[in-house]
Amino acid sequence: MGNMKKRPTGCQNPATELLNATGRAPVLLVCEHAAHFIPEVFDNLGLADKDLQSHVAWDPGALAVAKLIGASLDAKLVASKVSRLLYDCNRPPTSPGAIPVQSEAYGIPGNVGLSDEARAQRIRDYYEPFCDLLTVTLADDSNLQVLVTIHSFTPVYMGQNRAVELGVLHDEDSRLADEMLQILPGLCGLNVQRNQPYGPKDGVTHTLKLHGLGSGIHNVMLEIRNDLITTQDQQQQVASAITATLKQALDRLDTSQKFKAAAC
Ligand SMILES: [Zn+2]
């Protein structure tokens with residue numbers, strides 16, 4: 001974990017939460033963009049209420065799907081409780097996207113011209129508790145061999161329609177993604193693609209690298225197009241397909257096998 005200091009982190013705090021804390025599955029689910037909540041003191045970061053309901057502030061539907069998968073698998077779930085506009089927990093503090101001044105076409109006035117102290121405060125208040133909770137959860141349960149992060153994306157980005165419906169994303173360790181890419185299309189009937197609509201080059205694999213590659217456990221990031229998970233029925237359908245795929249993939253993989261980076 002580099003120089004990140006370990007601090008006592010409860011299961012519940014204002015920034016992050018561990019759901020289904022007694023889950024016994026070997027899978028740890030993660031939802032970095034679960035919430036659009038912004039504490040009152042930030043005055044909506046200068047945005048209108050309707051913008052804070054949109055994908056700009058969070059991943060609509062992602063937490064609902066993650067909870068359903070967690071319930072079927074009996075898996076623990078770590079979720080952020082605040083908007084990614086305050087701090088994007090899937091970005092390292094060094095990334096300009098961690099506290100974005102722009103998201104798609106939206107400027108984020110409350111993030112412009114932050115002082116070093118204000119940035120440091122955001123990192124302390126939102127990123128570190130999230131990161132620490134993930135670290136502690138993985139460390140406390142040696143049964144956890146698989147990390148799965150759940151996201152959603154907007155069907156129209158910068159005016160362009162996106163054909164991909166479900167993205168299976170990975171960084172250097174593609175073991176779980178490879179298996180899922182073989183199984184998932186047949187189970188869900190969706191347009192499933194590798195490293196779409198984002199990939200490692202877009203900086204979206206921070207959690208996978210830090211907590212997956214960092215410990216060698218199997219890891220994958222799933223991106224679901226958010227128009228496919230707006231109703232409870234849709235959420236259940238997609239969650240069922242992902243759950244069944246994960247079960248099959250984990251049957252095929254030796255999950256005790258740690259990933260070792262190829263020598264370069
Ligand atoms: Zn996301």
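In which crossing, left-handed or right-handed, does H2 pass H6? The legends below take up this question after the sheet has been introduced.

This is a predicted model, in which local features need pLDDT of at least 70 and side-chain atom pairs count only at pLDDT 80 or more, while totals for chains, interfaces and linings use all residues. Residues are numbered from 1 along each chain as its sequence is written.

**View 1. An open sheet of seven strands has mixed pairing.** Following the sheet from one edge to the other, the order of the strands is E1-E3-E2-E6-E11-E9-E10. The edge strands, each pairing on one side only, are E1 (16–19) and E10 (192–194). Neighbouring strands of this sheet are turned by 20° against each other on average, direction ignored. The names of strands (E, at least two residues) and helices (H or I, at least four residues) refer to DSSP runs, numbered from the N terminus. Two strands are said to pair if DSSP finds at least two bridges between them. Axes are lines fitted to C-alpha atoms, for helices over the stretch in contact, and angles run from 0 to 180 degrees between N-to-C directions.

**View 2. Strand E6 is paired with E2 and with E11.** E2 (residues 27–31) and E6 (residues 146–153) are joined in the parallel sense over four bridges. In this pairing, Val27 stands opposite Val146, and Val30 has Thr149 as its bridge partner in E6. E6 and E11 also run parallel, and they are joined by eight bridges; here Phe153 stands opposite Arg225 of E11. Eight of the eight residues of E6 are buried, so this strand is largely enclosed by the rest of the structure. A residue counts as buried if 20 or more other C-beta atoms lie within 10 Å of its own, as exposed if 12 or fewer do, and as partly exposed in between, with C-beta atoms placed from the backbone. In a regular strand the side chains alternate between the two faces of the sheet. In E6 both faces are covered, with Val146, Val148, Ile150 and Ser152 buried on one side and Leu147, Thr149, His151 and Phe153 buried on the other.

**View 3. Strand E11 (218–225) is covered on both faces.** His218, Val220, Leu222 and Ile224 lie on one side, Asn219, Met221, Glu223 and Arg225 lie on the other, and all of them are buried. Because eight of its eight residues are buried, E11 is largely enclosed by the rest of the structure. E11 also pairs with E9 (residues 166–169), in the antiparallel sense and over four bridges, and the bridge partner of Gly167 in E11 is Glu223.

**View 4. Helix H2 lies across five strands, among them E2, and packs against helix H6.** H2 (residues 62–73) lies across E1, E2, E3 (76–80), E6 and E11, and runs at about 165° to E2. H2 and H6 (residues 232–252) pack at an angle of about 45°, with their axes 9 Å apart. The two helices are therefore oblique to each other, since angles under 35 degrees count as roughly parallel, over 145 as roughly antiparallel, 65 to 115 as roughly perpendicular and the rest as oblique. To return to the opening question, H2 passes H6 in a right-handed crossing, the term used when the near helix is turned clockwise from the far one by less than a right angle, whereas anticlockwise would make the crossing left-handed. Residues in the contact include Leu68 and Ile69 of H2 and Ala239 and Ile242 of H6, where two residues are in contact if their C-beta atoms, placed from the backbone, lie within 7 Å.

**View 5. The loop between E1 and E2 holds Asn20 and Ala25.** Asn20 has a phi near 50°, a positive value in a residue other than glycine, and with 16 C-beta neighbours inside 10 Å it counts as partly exposed. Ala25, in contrast, is buried, with 22 other C-beta atoms within 10 Å. Not counting residues up to four places away in sequence, Ala25 touches Leu73, Asp74 and Ala75.

**View 6. Two further loops hold Met158 and Pro197.** Met158, in the loop between E7 (156–157) and E8 (160–161), has a phi near 50°, again a positive value in a residue other than glycine. With 7 C-beta neighbours inside 10 Å, Met158 counts as exposed. Pro197 lies in the loop between E10 and helix H5 (206–213), and a cis peptide bond with omega of about -5° joins Gln196 and Pro197.
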